[in-house]
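Please take a moment to look over the sequence and the structure shown here. The paragraphs that follow lead through the sheets, then the ligand, and then one residue in a helix.

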Amino acid sequence: MACDRKASISFGAAAAAFLLSLTACGVGEPAMNEVVRSDFGTTPEGEVVEQFTLKNRAGMEVRAITYGGIITHLLVPDRGGNMGDVVLGFDSLEPYLSGVEPYLDGSPYFGSIIGRYGNRIANGRFTLDGRTYQLATNDGPNHLHGGVRGFDKVVWGAEPFQRDSEVGVVFTYLSPDGEEGYPGNLDVRVTYTLTDDNQLIVDYHATSDRATPVNLTQHSYFNLAGHDSGDILDHELMIAAGAFTPVNSTLIPTGEIRSVAGTPFDFRTSTPIGARIDADDQQIRYGLGYDHNWVLDRTGPGLELAARVVEPTTGRTLEILTTEPGIQFYAGNFLDGTITGKDGTVYHHRTGFCLETQHFPDSPNQPAFPSTILRPGEEYRTQTVMVFGVAD
Ligand code: BGC
């Protein structure tokens, strides 16, 4: 059978839809890669928020919006080929907007890009080149996920792209000097690339005109059985880490790098998330379950496997590869049934988990941790890849 390959662009009047498509042939696959651009709503300040729907030839679909670079939907096949939406989120813009402070009244960072600093900075304070900076304290005494209005709550610029076997969107944001208390104008670019072999590649890039801490991550809450299918405790998790960073009661690292051996934090062998999540352990008590940074077993600076998750009933798998030194595994301990998400789904306790690739929490105050300081003339460049598949 002859294959007809053609790229096409079309504009739909309603919602200013913009379709970029590539047709191709493949047995049992849709004939098209595409990026569809549509309206998702308007912020109270009058900014228009767009949604980009990325589809690959295998039928996998990722939807992301310009507000916070939020991944709202992520559809992947199970072992029977049935598509399921495996991320928690909302159907419309409004619930994403309301979660400023306290965040549990709105979105707890569902699907967002997190910055300038993913995770916590103790007392929202750090000293850099002899000067002390005070950031917002939006998580008890500490600064969390970039502050009151972090990168998850701003509207990003966006450009879609389509190449041979991948489609994607480039999100851009210029964070002005002093925003949320951080020094320097920070020029940020985050690219989502969906490949035809069901990989979602996230590339982070930033430059600054003054020294500043930077620690960007992606805060999707996964439930590989489907976002509406209950708790995630039976998911089997492997984390390629022989150590983690224990925390104090406010979830700030003590500075210790502790071996996972003999603790509920040992996920070097694949283990159900629920097996030890309520163990009688001080660190588990502090996190109300898992909410910690693992120190990845790295062999070099490149992309390496950090975690692997298998959902036994659907067979769906997720592998996370990263160039980062750490990963925060958060088991959705703060979800408590007060949030109603997509399709009227109530998100109860531990119905989603996050695997946030990152530098370690509170690094600006922890000289022994890998540095998170970006200086003028340097480039911040990290990559994280989510590989979706099915187990036998
Ligand atoms: C943190 C949790 C926090 C959650 C917000 C995670 O990255 O580690 O402590 O509650 O984000 O939803």
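## Sheets, ligand and a helix residue

In strand S26, the residue that forms a bridge with Trp294 is Ile327. This is a predicted model, and the pair Trp294 and Ile327 is a convenient place to begin reading it. The two strands concerned are S23, which covers residues 291–296, and S26, which covers residues 326–330, and they pair in the antiparallel sense over 5 bridges.

Both strands belong to an open sheet of 5 strands, whose order is S21-S20-S23-S26-S29 and whose pairing is antiparallel. Strand S21 (258–259) and strand S29 (354–358) stand at the edges of this sheet, and because each has a single partner strand, one side of each is left without a neighbour in the sheet. As general background, the strands of a sheet pair through backbone hydrogen bonds, in either a parallel or an antiparallel way.

A further open sheet has 9 strands, in the order S13-S14-S15-S16-S31-S25-S24-S19-S22, again with antiparallel pairing. Here the edges are taken by strand S13 (157–163) and strand S22 (271–272), each of which has a single partner strand, so that one side of each lacks a neighbour in the sheet. Within the order given, strand S25 (residues 316–322) and strand S31 (residues 380–390) pair in the antiparallel sense over 7 bridges, and in S31 the bridge partner of Leu321 is Val385.

Turning to the ligand, one finds 13 residues around it, of which Arg120, His219, Tyr221, Asp291 and Glu356 come nearest. Sorted by class, this shell has 7 nonpolar, 3 polar and 3 charged residues. Several side chains place polar atoms by the oxygen atoms of the ligand: for Asp291 the distance from a polar side-chain atom to a ligand oxygen is 2.4 Å, for His219 the corresponding distance is 2.9 Å, and in the side chain of His145 an N or O atom is 2.9 Å from an oxygen atom of the ligand. Taken alone the ligand exposes 310 Å², and the protein buries 100% of that area.

The last stop is Gln283, which has its place in helix H2, a helix made of residues 282–287. Is this residue, Gln283, buried or exposed? Gln283 counts as buried because its relative accessible area is 5%, whereas the cut-off for that term is under 20%. If neighbours within four places in sequence are left aside, Gln283 is in contact with Phe244, Pro246, Val247, Arg258, Phe265, Gly289 and His292.

Technical notes:
Residues are numbered from 1 along each chain as its sequence is written. This is a predicted model: local features need pLDDT of at least 70, side-chain atom pairs count only at pLDDT 80 or more; totals for chains, interfaces and linings use all residues. Side-chain values use heavy atoms; hydrogens and water are left out. Two strands pair if DSSP finds at least two bridges between them. Helices (H or I, at least four residues) and strands (E, at least two) are DSSP runs, numbered from the N terminus. A residue is near a molecule or strand if one of its heavy atoms lies within 4 Å of it. A polar contact is a pair of N or O atoms within 3.5 Å; within protein, one must be able to donate a hydrogen and the other to accept it, and residues adjacent in sequence count only if both atoms are side-chain atoms. Accessible areas come from the Shrake-Rupley method with a 1.4 Å probe; for residues, only the protein chains shown count as cover. Ala, Val, Leu, Ile, Met, Phe, Trp, Tyr, Cys and Pro count as nonpolar, Asp, Glu, Lys and Arg as charged, and the others, Gly among them, as polar. Buried means under 20% relative accessible area, exposed over 50%, partly exposed in between (1.4 Å probe, protein chains only). Contact means heavy atoms within 4.5 Å.
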